[in-house]
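Student: I'd like to learn how to read helix packing and sheet order. Can we work through an example?

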Amino acid sequence: MRRTFLAFAALLTLGFSALAQPPILPDPKLTPGDTFPVGRADVCVPGYSKKVRNVPIALKREALRRYGVPLGDRRDYEIDHLIPLALGGSNSIRNLWPQSRKTSPWNAGKKDFLEDRLHKLVCSGKVDLAEAQKAISTNWIDAYRKYIGQGGRTPKGEGKAGVPSAAAASQGSLVWVNTRSGAYWKPGSSFYGKTKQGQYMSEQEARAKGFHPAHGTGE
Amino acid sequence: MALNRKLSALVQKRELAKSEATPGQLSLSFTDGSQLLIRLASAAPPMPGKGTMEKVLETGSRLVLVLEPESRIELALADPGASISLRDAQGTVEYLG
């Protein structure tokens, strides 16, 4: 009886430790990355990603299952395209993995920032599409360090005038205010830095200006 | 089977001009110059010579093209999420999935 109890306790501990440390990199066997047969001329057309975003719920659940993420924890994860759609990635299960929104410093928000940067570099002709696809699918954290910098700082002068740099925001010190709706988002949330209109500021400043946390929590 | 709303809305009313099956791929050309390419896990079934697209159904790796009048083509996708490509007459991406 005692042995059974100990075995159960050990299994429970293993389960909790697995949940406590979500992967910050995908398993290359489960998620090697996959692309559509497209080129730079395709992915740089405005609206391209929206046209090709097709991930059925069944496929999202399969990605969670493969990584052992309980369905109840799905809100803590983004089903991420390892090679983003904007860089020609496909919706195949081989390109999907559950990426934590909450791990620090490497999380879904940070990868989204890298994806935006790489897309701009590809479309401006500074980086080859195949090179960007390879870099982000091999190790997105190394790619982040290469194309953005250690700790996520943007090169001097690249930030928008009058706005704290997105990289500073990605450090977790600032919230993203959707100036149209009046709601603000915390780092790692779905719409952090994503809405058409908005700006970064401290949470204290956002509250002082009358903005409110999205969905009550900003997450 | 579930309706693929996005693809159905795009191809609805397009008239089939030509179909071509090669091992692992089915190519449908429409009279407006657009082309639908589908990567297959198995051989393509016989295709009707004429028809107008009505809707597309999709569940997992199964895809069904419904054409008017009364044709139903069942296909097995090679890799769900990365097997279908629709481009317009100018070659611009309309749909990938």
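**Helix packing and a sheet**

Tutor: Let's start with α6(A) and α7(A), which are oblique to each other, because their angle falls outside the ranges for roughly parallel (under 35 degrees), roughly antiparallel (over 145) and roughly perpendicular (65 to 115). This is a predicted model, where local features need pLDDT of at least 70, side-chain atom pairs count only at pLDDT 80 or more, and totals for chains, interfaces and linings use all residues. Residues are numbered from 1 along each chain as written, chains are lettered from A in the order written, and side-chain values use heavy atoms without hydrogens or water.

Student: What describes two packed helices?

Tutor: The angle between their axes and the distance between the axes. Here, α6 (129-138) and α7 (140-147) of chain A pack at about 125°, with axes 5 Å apart. Axes are lines fitted to C-alpha atoms over the stretch in contact, and angles run from 0 to 180 degrees between N-to-C directions. Helices are DSSP runs (H or I, at least four residues), as are strands (E, at least two).

Student: Which residues of α6(A) and α7(A) make the contact?

Tutor: With contact meaning heavy atoms within 4.5 Å, α6(A) brings Glu131(A), Ala135(A), Ile136(A) and Thr138(A), while α7(A) brings Trp140(A), Ala143(A), Lys146(A) and Tyr147(A).

Student: What is the strand order of the open sheet in chain B?

Tutor: The order is β4-β5-β6, with antiparallel pairing; strands pair if DSSP finds at least two bridges between them. The edge strands of chain B are β4 (52-59) and β6 (71-76), each pairing on one side only. β4(B) and β5(B) (62-68) pair over 7 bridges, and Leu57(B) has Val64(B) in β5(B) as its bridge partner.
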